[in-house]
Amino acid sequence: MRLDALARTLGCTLEGDGSAEVTGVAPIETAGPEDLTFLHHPKYLQHLATTRAAAVIMPPGTQSPPCAILRHENPYLAFATALRLLFPEKPRWTGVHPQAAVAATARLAPGVAVGAFAVIEEGAEVGEETQIGPQVYVGRGSRIGRSCLLYPQVVIREGVMVGDRVVIHSGTVVGSDGFGYARDAQGGSHKVPQVGRVMIEDDVELGANVTVDRATLGATRIGRGTKVDNLVQIAHNVVIGEGSIIVAQVGIAGSTEVGRHVTIAGQAGLVGHLKIGDRTVIGSQAGVGEDLPAGAIVLGSPAVPHMTAKRIFTAWTKLPDLLRRIRKLEQRLGVSTDRPDEEEPRR
Amino acid sequence: MRLDALARTLGCTLEGDGSAEVTGVAPIETAGPEDLTFLHHPKYLQHLATTRAAAVIMPPGTQSPPCAILRHENPYLAFATALRLLFPEKPRWTGVHPQAAVAATARLAPGVAVGAFAVIEEGAEVGEETQIGPQVYVGRGSRIGRSCLLYPQVVIREGVMVGDRVVIHSGTVVGSDGFGYARDAQGGSHKVPQVGRVMIEDDVELGANVTVDRATLGATRIGRGTKVDNLVQIAHNVVIGEGSIIVAQVGIAGSTEVGRHVTIAGQAGLVGHLKIGDRTVIGSQAGVGEDLPAGAIVLGSPAVPHMTAKRIFTAWTKLPDLLRRIRKLEQRLGVSTDRPDEEEPRR
Amino acid sequence: MRLDALARTLGCTLEGDGSAEVTGVAPIETAGPEDLTFLHHPKYLQHLATTRAAAVIMPPGTQSPPCAILRHENPYLAFATALRLLFPEKPRWTGVHPQAAVAATARLAPGVAVGAFAVIEEGAEVGEETQIGPQVYVGRGSRIGRSCLLYPQVVIREGVMVGDRVVIHSGTVVGSDGFGYARDAQGGSHKVPQVGRVMIEDDVELGANVTVDRATLGATRIGRGTKVDNLVQIAHNVVIGEGSIIVAQVGIAGSTEVGRHVTIAGQAGLVGHLKIGDRTVIGSQAGVGEDLPAGAIVLGSPAVPHMTAKRIFTAWTKLPDLLRRIRKLEQRLGVSTDRPDEEEPRR
């Protein structure tokens, strides 16, 4: 692809020879003379002067590498578009594999692919151009929209609704039972039947080995355009708004409602029955135990506002020094030090 | 179902018209005039005055909604029973699917179901009325009890013993090798063969994408009636007592023994070789590095008794203020502040 | 096996009757008179005096149990070798199962096993003596080396390179898309195509339900001999050096480079774009947000050097007492206490 055509399509300002061609894409430090690359994270600025790439997508007003430049306010976005142009998606599977088990009452729209050893149970529906990969399971009465992509070994349990253009990665389970038990007076656990459903709205992407439990009653719901990374746990009756980002290994406990355009970083945990406002940002490994207003930015376990958290973390690393300084003050004043705290609980 | 009959079956006191009928169950805020609902968590009290439900299961001595009431000391337990009455479990799979691969020496008791593309290896045994879902794997010589339910894509490796009425959700792996390597003087890792087994006792339920490793020697064991949520890691030679509750994303390291009726909340971690007493409660995201006596309630990482933890968390959020107050005291006394801590380690 | 022969093979010094035979291996507390056992963790010293084992592998210079002793400087390593002698690995699957779906252009070397309902896509290659278990998926153009073992329900996506003698446990997904989205000005998320690959080098072992994402560009790479436990998340473009140990539920975010012989304990998290030096040790539940030099030992979230961390944790448990002591000092000096902190941020 010629650079001038590429610049036009991406909405970039071109600096350099527009007639040059790029045939591939590579990281800035390994790119060769026919590769396009991009500069996104400041850690890679060091490689700019020595890159052998044909062209770099980068923001306006920054240094000039020894190659053509495609300037864009949002280089990562332009780069994503360039990748789609250079690596157009082709269907991975086509047709219904003779070794798939599709129930008589399942309805497959035109253009649906079903891979080898996939199972589509009675009454399930799959929309146009959707690809059901090999070894996938789609339960009774579930409905998958159009142009979806379910990678090998996804499990969709019964009664799950999946919108259009949804992508679900391997090993992910949608619609497993919520974790609900009623305790009797003797401490025995009695399962609460989980008779609700799951709704995955349009343009959602779920990573690999994610778990999304079905609701006890009603529906667990993931809003339009929300992206979920690997190994995330979404419990029964959780509702996640549109356009949110849930990073790997996050856990969201039952009935918590997460707003729109929320970001939850890796390994954070949210207890149940919370309301998390729109545009909230929750830091990695944070532990959220209370409702959060819209726009809150929190860190820590227990989670606190991020400006407070940064000061707490700074003080936390100085704790041994604080202890020493208190001892010194106590010596100066002649008060007894380190005496057992009479308020200390016994257990 | 008539309300008077329902109340009798559930052991509830009925307030209202016993001849009314309920046909469904719904959350309190969306229930319609033929629905039963329940009040369990105080956050939903606000919906009580405006609910359109036919009847609410709720505790004695609380407010009266504008509908019939089924009073019960344990509304969640009564609700669980009501759900089982209104949504009786039917078998999901019946018979042995012609596209299952069942080894010649595997023994299937009467009434066993084996789904499409399931694999039952040589010498495995499956008890009466157990349902082996589609795409499940049961390894050589493993024994599954009666009336179990293995959802699609469960893996049971060889030599695993599963009791009766056990439920295992999709994506869960039982009997994978424990993580054991012996290091040589050069830092090389030599695998320690994991030749032990796993025993899952009666009435256990394992969530989705759980991992339970086989023992190095002996057995990893999960006690009768214990319930395990999604994405939990149970390492080799772990022993969990009866009636415990292990919430999502918990990790329990090798050889740790967890007692009976223990509760471990989400994302908590336990190091190896511990003894955790009966009825212990471990908070979410806690990090347990020491044995815990029976009845302990701990929070935090490192975990401390919960009353202490609450006071620590309160003080923790005040750390920047503590630092300011110490500085002020130092100024008042004329002692030098913030000087480098000579005890600070160099690395 | 006779004890004198065993001692010779393991390089142990024998104390006791070399003509005695061992037929099995068992934990020290349950071993019977024909069993070999070993002493590795000091917690099990208590069982030494009463063990019924035929022989114990243990270090020199320690107590003498009432049975034969095989002394070795590294008892765990000697024990690993003994287990391999007594329980030699046999192939689990042989031949290509008639119900496997192997593409016409896939190349299987001599001695390859492919289990029932496994899928090998076009252009994939599998090396000599490798066992592809039942229900495994190997994507288009992927290359698996020789003498590998892929347990049931592993997913290897397209374009993944796996070295020789690699073991991958059930439910693990290699090559799922990295979690990369470019945000537009309206907050919409646009998928960045993940067109890179994954390279798993020789002698790596991956536990169950692990996720290893493919690179955006270039390769996600796991170095020779590295061992990864269950439920670990390895994001796109992560590079892990040789001989490292990654314990269960660890998460490593995108583009982070982990050195050689690094140990990362359970549930620790590393943010993206870091460089972690060789021989680093990262404690369980640690949160690493900065580069670490070679040989660092860190604990805590945020992670700090372990000697500092231990002092911080000690001070942390005393926080309520520190607060009391500061109050007492303030009273003594007559300064106001607990007044609102005017520096407190507003949000």
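# A tour of the chains, their contacts and one sheet

Start with chains B and C: chain B can be laid on chain C with an RMSD of 0.0 Å by a turn of 120° and a shift of 0.0 Å along the axis. The two copies are thus related as by a three-fold rotation axis. Keep in mind throughout that this is a predicted model.

Next, select chain A together with chain C. A rotation of 120°, with 0.0 Å of shift along its axis, superposes chain A on chain C, again with an RMSD of 0.0 Å.

**Chain B against chain C**

Show the residues where chains B and C touch. Chain B brings 54 residues to this contact and chain C brings 60. On the chain B side, colour strand S18 (173–176), strand S19 (181–183), strand S20 (189–191), strand S23 (211–213), helix H3 (306–317) and H4, since these are the elements of chain B that give two or more residues to the side touching chain C. H4(B) gives the most, with eight residues. Coloured by class, this side of chain B shows 26 nonpolar, 17 polar and 11 charged residues.

Do the copies meet through the same or different surfaces? Only 19% of the interface residues of chain B are also interface residues in chain C, so the copies meet through different surfaces.

**Chain A against chain C**

Now hide chain B. Here 59 residues of chain A are in contact with 53 residues of chain C. On the chain A side, helix H2 (75–86), H3 and helix H4 (319–333) each supply at least two residues. The largest share comes from H4(A), which provides eight residues. The side of chain A that touches chain C divides into 30 nonpolar, 22 polar and seven charged residues.

For this pair the figure for shared positions is 17%: only that part of the interface residues of chain A are also interface residues in chain C, so the copies meet through different surfaces.

**A helix pair between chains A and B**

Bring chain B back and select helix H3 (residues 306–317) of chain A with helix H4 (residues 319–333) of chain B. Their axes come within 8 Å and cross at roughly 60°. That makes H3(A) oblique to H4(B). Display side chains for Arg311(A), Ile312(A), Ala315(A) and Trp316(A) on H3(A), and for Leu319(B), Pro320(B), Leu322(B) and Leu323(B) on H4(B); these residues make the contact. By class, the contact of H3(A) with H4(B) has seven nonpolar residues, no polar ones and one charged.

**A sheet in chain A**

Finally, show chain A alone and find the open sheet of five strands, with order S1-S5-S4-S3-S2 and mixed pairing. Strand S1 (13–15) and strand S2 (24–25) of chain A stand at the edges, each with a single partner strand, so one side of each is left without a neighbour in the sheet.

At the S2 edge, zoom in on the pairing with strand S3 (residues 35–38) of chain A: the two strands run parallel and are joined by two bridges. Gly24(A) has Asp35(A) in S3(A) as its bridge partner.

Then add the helices. Helix H1 (residues 3–10) of chain A packs on the sheet, touching S1, strand S4 (55–58) and strand S5 (68–71) of chain A, and its direction makes about 10° with that of S5(A). H2(A) also packs on the sheet, touching S2, S3, S4 and S5 of chain A; the direction of H2(A) makes about 135° with that of S4(A).

Terms used:
Residues numbered from 1 in each chain as written. Chains lettered and ligands numbered in written order. Predicted model: local features only at pLDDT ≥ 70, side-chain atom pairs only at ≥ 80, totals over all residues. Axes fitted to C-alpha atoms, helices over the stretch in contact; angles between N-to-C directions. Helix = DSSP H or I, 4+ residues; strand = E, 2+ residues; numbered from the N terminus. Parallel < 35°, antiparallel > 145°, perpendicular 65-115°, else oblique. Contact = placed C-beta atoms within 7 Å. Nonpolar A, V, L, I, M, F, W, Y, C, P; charged D, E, K, R; others polar. Least-squares fit on C-alpha atoms with pLDDT ≥ 70 in both. Pairing = 2+ DSSP bridges.
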